[in-house]
Amino acid sequence: MPVLSDDACAKVNLTLRVNGRRADGYHDLESVVAFADCADRLTLTPGSDLNLKTTGPLAEACGDTSDNLVLKAARLLAERVPGMKAGSFSLDKVLPVAAGIGGGSADAAAALRLLSQLNGLALDDPRIIEVAQLTGADVPVCVNSRGCVMTGVGETLQPLSLPKMPCVMVNPGVPVATKDVFKALGLRNGELLVGATDVLLRDRSWPDEDASLEDWVEALAASSNDLEAPAMRVQPVISEVIAALNATNGAWLARMSGSGATCFAIYENTAEAGRAAEKLRRDHPKWWVHAGTLS
């Protein structure tokens, strides 16, 4: 059996609206999601034992591999696919952990893609979809790794045609637990932040497939990330990161992704993004900085 491998691309929330907290405790979200050109690399060597080893610059940050989402997804799928073929996973970890860019979710999604390839399953197989949802809220969107509007608790995905957006992504090297940010947001079970009329009014369409980068930045700027303020209370360095991005030449829009602490800025072109990244690396040598594109 040949060795299989796949990229687990970073997920970036271009917008994130919290509509409320459901009676079951889960938060109801609406987010425009893009994917970056930086990724962890997951390899699967088919065999009888299911295991995982981590390598790469950020392998230590993954912690104990036994509770890694890659293995969680694989075990859940094995419960649903009789005689499922699996093997040894190797994860080259380059994305920051607990960083608001779905690194662990992207890894789990890559595992599901590799297992579906090995077992001849379609990615829209109900068992793959079910396992993605059970593994984590960001896993379903990461399975296809394409721009979309994500709503509910991550289960409803509406495809979007996003232009290539030159960007710089920055993480200050501080992990931020999603549960701490939601705790700082402070919603009670069953508490809604929007009424039904707000939802209807807000059901606006995003720019179409012919829209320019400027059109998109304008539309995104009219929205926000509702978790930014609570995340800043948990980790004040996030406001420093956004200020540093805003201070670079040509930054059109700077914002936090997910529940933080990774932030991003969108630029007119890749040259400006590259220059901004160089400056940020010089000024903040301990920060993780990536210049590339979102789409």
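Contact, the term on which the first stop depends, means heavy atoms within 4.5 Å. The model on screen is predicted, so local features need pLDDT of at least 70 and side-chain atom pairs count only at pLDDT 80 or more, while totals for chains, interfaces and linings use all residues. Residues are numbered from 1 along each chain as its sequence is written, and side-chain values use heavy atoms, with hydrogens and water left out.

Begin by selecting helix α7, residues 213-221; helices (H or I, at least four residues) and strands (E, at least two) are DSSP runs numbered from the N terminus. Its buried residues are L213, W216, V217, A219 and L220, where buried means under 20% relative accessible area, exposed over 50%, and partly exposed in between, with a 1.4 Å probe and protein chains only. Looking down the axis of α7, one finds these buried residues within an arc of 165°, so they line one face of the helix; the arc is that of the directions from the helix axis to the C-beta atoms. Now add β3 (27-47), β8 (165-171), β9 (251-256) and β10 (263-267), which are among the elements covering those residues.

Next, select the largest nonpolar core, which has 37 residues; such a core is a set of buried Ala, Val, Leu, Ile, Met, Phe, Trp, Tyr and Cys residues joined through side-chain atoms within 4.5 Å. The residues with the most contacts inside this core are L42, L77, F89, L112 and L115, and α2 gives the most to it, with nine residues. Centre the view on L112, which, leaving aside neighbours within four places in sequence, is in contact with A73, L77, I128, V131, A132, V139 and V143. A second, separate core of 29 residues can then be coloured, including L29, I238, M256 and V289.

Move on to V97, in the loop between β5 (86-92) and α2 (103-119). V97 is partly exposed, with a relative accessible area of 31%, and, not counting residues up to four places away in sequence, it touches A61, C62 and P175.

Finally, display the lining of the largest pocket, where S105, G136, A137, D138 and T178 are the closest to the centre among 49 lining residues. The largest share of this lining, four residues, comes from α2. On a 1 Å grid over the protein atoms alone, a pocket is an open set of points where a 1.4 Å probe fits, with protein on both sides within 12 Å along at least five of seven lines, and lining residues have an atom within 4 Å of a point.
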